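Dear colleague,

I am passing on the structure we spoke about, together with some notes on what turned up in it. Please keep it open beside you as you read.

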Amino acid sequence: MTLRRFIDQAVSPWMQGDGPNVDIVLSSRIRLARNLTEFAFPVMATESQAKKALDFIRERLEGAEYHSLGKFAWIDMDRLEPIEKRVLVEKHLISPYLVEESVHSAALINDAESVSIMVNEEDHLRIQCLFPGFQLNEALTLANGIDDWLEQKFTFAFDEQRGYLTSCPTNVGTGLRASVMIHLPALMITQRMNRIAPAINQFGLVIRGIYGEGSEALGNVFQISNQITLGKSEEDIVEDLRGVVMQLIQQENAARRDLMNFSRIQLEDRVFRSYGVLANSRIIPSKEAAKCLSDVRLGVDLGLIKGVTRNVLNELMVLTQPGFLQHYFKETLEPEERDVRRATLIRERLKKTGLDDPIE
């Protein structure tokens, strides 16, 4: 697998799959944080120490295979252009921290891009497993399998009382972050999300934007994850998140039914106005594009729009991000230029659907 494939392909192969509740839960993710006993943790390491840790890990993992996942591609962050790094972040294959804060770092990514192992991020190893739809247990099973495989190659920093030791105290214990990417347009339209969000925090969960901590929730897409990793088992953490997400799914479905039953004409107007903006605009900022894509996705999920697939919308969600946009057009673009190119790209992609009249 070449770096070029990871960079050029907007939609990761795993995103083209199906999964439970995929109309609302876009993806499920399990991330495990692990550190090696032989080296200073990345946040405290000098450049030379970070380099030694990277070389040590590379020697054991470069070209390694894990069962059905096949070989992992080793990607050195130091060898990438800024735009290439940004594209990998926009595809959720690496974290913003790996790009902005880390030194002598790398990522191992499998062919389907469903698994990435970040090296010298905040911790020596960050194992990330992604599944389409609501599949937290499946993602946990795979992550634990990879964790066991890595533990045969490395000695992890572990304390009998505290569990796995990590750079950030909030990760000590299991080192587990379970999260879902969830699309909640009806709850936002009906303003019910305003009272639901504070209640979620009371369950030890946190709501963030699509790129995690410090990012904005664009297009009514939120990332919901656990905050507590110490004092609970991995299974309990995942089950707690599952329970809250199931409630959110039910609430979102109820809000969608109410919109269809009591505000259908207003909903149709919103959905088709947004489709019209995407199909005809000559200039469109990223926030407006995300909002319109959210409306159209809702229209597709409710059967109001025919001929547009979720895969097309998934593709546009990535293609219209600043990094991928500049990579696609092979040039550095100012914000105003990006808005023009974004509109052009969206129009061209929607034309490929062959959709003349999206109205049922």
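**N226 and the cavities**

The side chain of N226 comes to 2.7 Å from the backbone nitrogen of A178, and a polar atom of that side chain also lies 3.0 Å from the backbone oxygen of I228. Please bear in mind that this is a predicted model, and that the distances here are computed from it.

N226 belongs to strand β12, which covers residues 221-226. Is N226 buried or exposed? Its relative accessibility is 3%, and because buried means under 20%, N226 counts as buried. If its neighbours within four places in sequence are left aside, N226 is in contact with L176, R177, A178, G204, L205 and I237.

N226 also leads us to the empty space inside the model, where a search of the whole structure finds two cavities of 30 Å³ or more. The second largest cavity holds about 60 Å³ of space, and N226 is one of the residues that line it, with G204, L205, I228 and I237 also among them. By class, this lining divides into four nonpolar, three polar and two charged residues.

The largest cavity holds about 170 Å³ of space and is lined by 15 residues, of which L218, G219, A290, L293 and M317 lie nearest its centre. Which helix gives the most to this lining? That is helix α10, made up of residues 286-301, which supplies six residues. The lining of the largest cavity has eight nonpolar, six polar and one charged residues.

With best wishes

Notes: Residues are numbered from 1 along each chain as its sequence is written. This is a predicted model: local features need pLDDT of at least 70, side-chain atom pairs count only at pLDDT 80 or more; totals for chains, interfaces and linings use all residues. Side-chain values use heavy atoms; hydrogens and water are left out. On a 1 Å grid over the protein atoms alone, a cavity is a set of points where a 1.4 Å probe fits but cannot get out, and a pocket is an open set with protein on both sides within 12 Å along at least five of seven lines; lining residues have an atom within 4 Å of a point. Grid points are joined across faces, edges and corners, and a volume is the space filled by probe spheres set on the points. Helices (H or I, at least four residues) and strands (E, at least two) are DSSP runs, numbered from the N terminus. Ala, Val, Leu, Ile, Met, Phe, Trp, Tyr, Cys and Pro count as nonpolar, Asp, Glu, Lys and Arg as charged, and the others, Gly among them, as polar. Buried means under 20% relative accessible area, exposed over 50%, partly exposed in between (1.4 Å probe, protein chains only). A polar contact is a pair of N or O atoms within 3.5 Å; within protein, one must be able to donate a hydrogen and the other to accept it, and residues adjacent in sequence count only if both atoms are side-chain atoms. Contact means heavy atoms within 4.5 Å.
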